[in-house]
Amino acid sequence: AVAGPTDAHVASPLCFVSVDGALLVVDIDAGCVLRSVGTPSLQVEAMVCAQIAELDGDDWPPPPLLLVGGGDGGGGGGIACVRLGDVEAEDADAVVWRAATDHPVYAVAAPPEPKLVACAAGSVVVLHGAADGSPLARLHAGRDGVLYALAFSPAADTLLAAGSAEVVHAFHIPAGTRRAVQRLTRSGWAGGLNTATINALAFVS
């Protein structure tokens, strides 16, 4: 997984890369890895940078916030919000909050200026409060399979979820009610599908 800075950090040359579960800070201009990021016992599979107003504090630009999701090495997983400290010091990072899940997390998503964030664990999407990680809702995307992709609409009123089944689930946000289910078929478009797994989703902004 790869994540870049949010609008508040447009001047930053940093990006964040997960390699074999480890989270690294990369200086794009220098072309080098600066250091690893301290994550709360998670093998990182997904991440996104977020700008959460309630957590910005008095500094400007505010320190980068990373939402990271992954597995715990024992069949479960979780999502965490990590505030990046000084790029020279790994122990300057701070875990703002962490929430455990029953399965590894392979996708996380946050809308612009989020009040809530989402993670995908197994076939369930879990909504959390952006500021404190409090669980808000569990959205069931079918009974089988694993979700690998999430996307919020630009207005943050719709969330898409998809994964190992050829189905895209759309939910109303924040209510969490089902908006639509779109099943993709291998003959449903000119090129056809050669895989049953959906790995990425995006809205037109």
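## Exercises on strand E11

Ala118 stands opposite Leu127 in E11. The model is a predicted one, so to speak our practice ground, and the exercises below start from that pair.

**Exercise 1.** Work out which strands E10 and E11 are, and in what sense they pair.

*Solution.* Start with the ranges: E10 covers residues 116-121 and E11 covers residues 124-129. Next, look at the pairing, which is antiparallel and runs over six bridges. Then check another pair: the bridge partner of Cys119 is Val126 in E11. Finally, follow the chain through the hairpin of E10 and E11: two residues lie between the strands, and Gly122 takes a positive phi near 65 degrees.

**Exercise 2.** Find what E11 pairs with on the E12 side, and over how many bridges.

*Solution.* E11 and E12 are antiparallel too, with five bridges. For one concrete contact, take Val124, whose bridge partner in E12 is His140. This hairpin has five residues between its strands, and here Gly133 has the positive phi, near 75 degrees.

**Exercise 3.** Place E11 in its sheet: what is the strand order, and which strands are at the edges?

*Solution.* Four strands make an open, antiparallel sheet in the order E9-E10-E11-E12. The edges are E9 (105-109) and E12 (135-140), each pairing on one side only. Ignoring direction, neighbouring strands are turned by 20 degrees against each other on average.

**Exercise 4.** Decide whether the faces of E11 are buried or exposed.

*Solution.* Buried means under 20% relative accessible area. Go face by face: Val124, Val126 and His128 are buried on one side, and Val125, Leu127 and Gly129 are buried on the other. That gives six of six residues buried, so E11 counts as mostly covered by that cut-off.

Methods. Residues numbered from 1 in each chain as written. Predicted model: local features only at pLDDT ≥ 70, side-chain atom pairs only at ≥ 80, totals over all residues. Heavy atoms only, no water. Pairing = 2+ DSSP bridges. Axes fitted to C-alpha atoms, helices over the stretch in contact; angles between N-to-C directions. Buried < 20%, exposed > 50% of the residue type's maximum accessible area, 1.4 Å probe, protein only.
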